Amino acid sequence: MPRAPRIWRGGCIIRAKFLDRITEAYDVAAGTELPESLLLAPYFTDAITAAQDSWRNVVAGAARAGIPTPGIAAALSYYDGLRSERLPAALTQGQRDFFGAHTYQRVDKAGTFHTLWAGDRTERHSA
């Protein structure tokens, strides 16, 4: 097991059962590849899934009230990105192609493409 959860057990402030859950996640994964994120370990997946609607309501309610919640909102965005099969990177790819002709890939056609942004905006297959 990685040392990190054990190191924190000695602290007087952070003696939480939460650390037991982290330790359990590492123990279950012992001898196998560790999860990319603790959020993918069963206990944490179940806990986040159960709390996700309330989490979204807090972030949405705070936004409607004009209350900044950068940590909570960023954590929700990270969680959504982590569990998404396909992310909206089209804008980033388009910007990279426009500013540096880096090309892009499409989800509806195989291959690599480049658009003539300053010309007639035609799309060309790129090698």
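Visitor: How many aromatic pairs are there, and what makes two rings a pair?
Guide: The count comes to four aromatic pairs. Rings of Phe, Tyr and Trp (its six-membered ring) pair if their centres lie within 6.5 Å; planes under 30 degrees apart are stacked, over 60 edge-to-face, and the rest tilted. By the way, this is a predicted model, where local features need pLDDT of at least 70, side-chain atom pairs count only at pLDDT 80 or more, and totals for chains, interfaces and linings use all residues. Residues are numbered from 1 along each chain as its sequence is written, and side-chain values use heavy atoms, with hydrogens and water left out.

Visitor: Why is the pair of Trp 55 and Tyr 79 called tilted?
Guide: Their planes are 35° apart, with 5.6 Å centre to centre, so the angle is neither under 30 degrees nor over 60.

Visitor: And what makes Phe 98 and Phe 99 edge-to-face?
Guide: Their planes stand at 90° and their centres are 4.8 Å apart, so the pair is edge-to-face.

Visitor: How do you know whether Phe 98 and Phe 99 are buried or exposed?
Guide: Buried means under 20% relative accessible area, exposed over 50%, and partly exposed in between (1.4 Å probe, protein chains only). Phe 98 has 46%, so Phe 98 is partly exposed, while Phe 99 has 68% and so counts as exposed. Trp 55 and Tyr 79 are both buried.

Visitor: Why is Arg 106 said to lie over the face of Phe 113?
Guide: The rule wants NZ of Lys or CZ of Arg within 6 Å of the ring centre and within 35 degrees of the ring normal. Arg 106 is at 5.4 Å from the ring centre of Phe 113 and lies over its face.
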